[in-house]
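Reader: I would like to learn how to read a charged residue and the strands around it. Where do we start?

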Amino acid sequence: KTSIEPELQASLPAPLNEIKFKTFDLGNLPPSFTHLNVSKTNRKNNPGVELCIGVTWPPEEKGDSVDIRLEVLPGIEVGIQQLKISGEVHIVLRPLMETLPIVGGLQVTMVAPPIIRYNLSGAARLMKFPFLKSTVNSVITKLLTDLLVVPNRVFVHWLTLEQQKEVDMASMQYPQPEFIVRLGVLEARNLEGKDWNPLGNRTSDPFARIHIGDKLYSTPVIQKTVTPKWGDDGWFDFLVYLPEQIVEIELFDHDWLRLNGEESLGSLMMQDEKNEGSLRKVAVTDILRVPDMSWWKIYHHKKMEEAGEICISVQAFALDCSKALLMRPKEQIPRAIGKANAQALLSVQIRVLRGLPRKLAAGAVMKCIVRQPGLPDEEHKTKPSKLRPEPEESDLKIHPMVERMVEYMSSEGKKSKEIADVSGLEVSEVEAVLLQRPLFYTSWSQSLHIALSNPLEAVVELELFLPSDHKSAGKIRSTPRNIRDLLDGESLRLEYIEKLQRGEGLKGEVNGPFELDFEAKLTGLLASNLEELRKEASDLKL
């Protein structure tokens, strides 16, 4: 309720933006499970046990169990009835350990947003409020997508602090991409004509919207045609975290006369092999299984009837930490097509930060700003930070100033023995402080993955955003760093404590200095053999 209500208010026009919940009771019925597939997985050399579970809530046989009522306008209420949510949940038991309890945690994710169905009752049936049902749908879908749909996932663990030291916690919560798909929607044919044409047959102004993972792109609008050809303008790069990820492509007629400016022409779907006569969404594996530049059918949403075809082309690139790959001659670099121009992938781990008091440690956002010649600045944001819990079973009785000195000397490259000699602590006490990092109150443990078109000339800068800061407060930023610096080491990886300072402007509630535990890694793109990928895809069971 607390998440959905403000999103609804922000998405609806006045006076409907005063909408609020009168009741919000989801009942106490458990979900039902429609199928269960179990398999071993070793993605990125990280073994685990994967469970794919079909989930429906509430169970079909239990009927309506929710009591949700919205006040749309003063004195006018709308009810939500017969709510049904269904989808497939992926649960991976990981990390696997050599001692009890054998499994250290659970990763929970979905490859596609769940299907949400419900009916409106009360005033909504009579007044037909514009956008109400579609807005409720999109808000709930967005919230669930941001929480659970790849690349997002929930990681629940019961690892001790000592065990966490041996595990890449950021990759447990935020997955690493397996490869990059360069996908092109080249053209379409036999589309529906939505617009009247005085000179002949009805026509449309089509454009395509492509959505894979957390990336959403749109092609240009082609005026007055039912056979649009986008060519190079239909190409885009997408990060693939699971081969089973859904490829969502929907075609629209651009229409200035409609309130939302567009009308659906159909969506990419395919026949469901497991349920004859039914349709299902298309996954990356499906695209890889068929010959390149194949024609795919699109279907109307409501009627589920054929609505035309689209031609799709695809390339795939493995991610390889190779300096030679990044320094190769220009003629060997993957050719850019339209906006599909990635040459490398920058992976940034935002871990923990020192410098914020406990009362401000939750809710902070770290921004990663990437600048490349000839391109607009890109801004990638973390989710809001959390207050890092107190170290478990800690019996350290060391003054905070001494702890800060220990952490600072370590960040300057000093060994535990050197720090112990200066601080007067035992080596074991120094190592305990470094393990627990008690003054790093602000925690993200999040990875950001950024495709780069010019990695050798790109610059990255970090910015800390505090909700409590006035809009005119000086920005808290790091020193800009050249991505090329990552090539100085053989591992193409830098791990360090990054310092951030508040710049010119009004002072904030906290003014630093701030220190961020940060890691950056660079990988190059290696063209994959599509025939081999198709063979691997054919072996995967969706």
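Author: Start with burial: buried means under 20% relative accessible area, exposed over 50%, and partly exposed in between, using a 1.4 Å probe and protein chains only. A salt bridge is a side-chain nitrogen of Lys or Arg within 4 Å of a carboxyl oxygen of Asp or Glu. Lys and Arg count as positive, Asp and Glu as negative, while His and the chain ends are not counted. This is a predicted model, in which local features need pLDDT of at least 70, side-chain atom pairs count only at pLDDT 80 or more, and totals for chains, interfaces and linings use all residues. Residues are numbered from 1 along each chain as its sequence is written, and side-chain values use heavy atoms, with hydrogens and water left out.

Reader: Which side chain of opposite charge is nearest to Asp253, and how far away is it?

Author: Lys194, at 7.1 Å; Asp253 is buried and has no salt bridge. A polar atom of its side chain does lie 2.7 Å from the backbone nitrogen of Asp205.

Reader: Which strand holds Asp253?

Author: Strands (E, at least two residues) are DSSP runs, numbered from the N terminus. Asp253 is in E13, residues 246-254. Two strands pair if DSSP finds at least two bridges between them. E13 pairs with E10 in the antiparallel sense over six bridges, and Ile249 in E13 stands opposite Ile210.

Reader: Why is E10 described as largely enclosed?

Author: Because five of the seven residues of E10 (residues 206-212) are buried.

Conventions:
Helices (H or I, at least four residues) and strands (E, at least two) are DSSP runs, numbered from the N terminus. A polar contact is a pair of N or O atoms within 3.5 Å; within protein, one must be able to donate a hydrogen and the other to accept it, and residues adjacent in sequence count only if both atoms are side-chain atoms.
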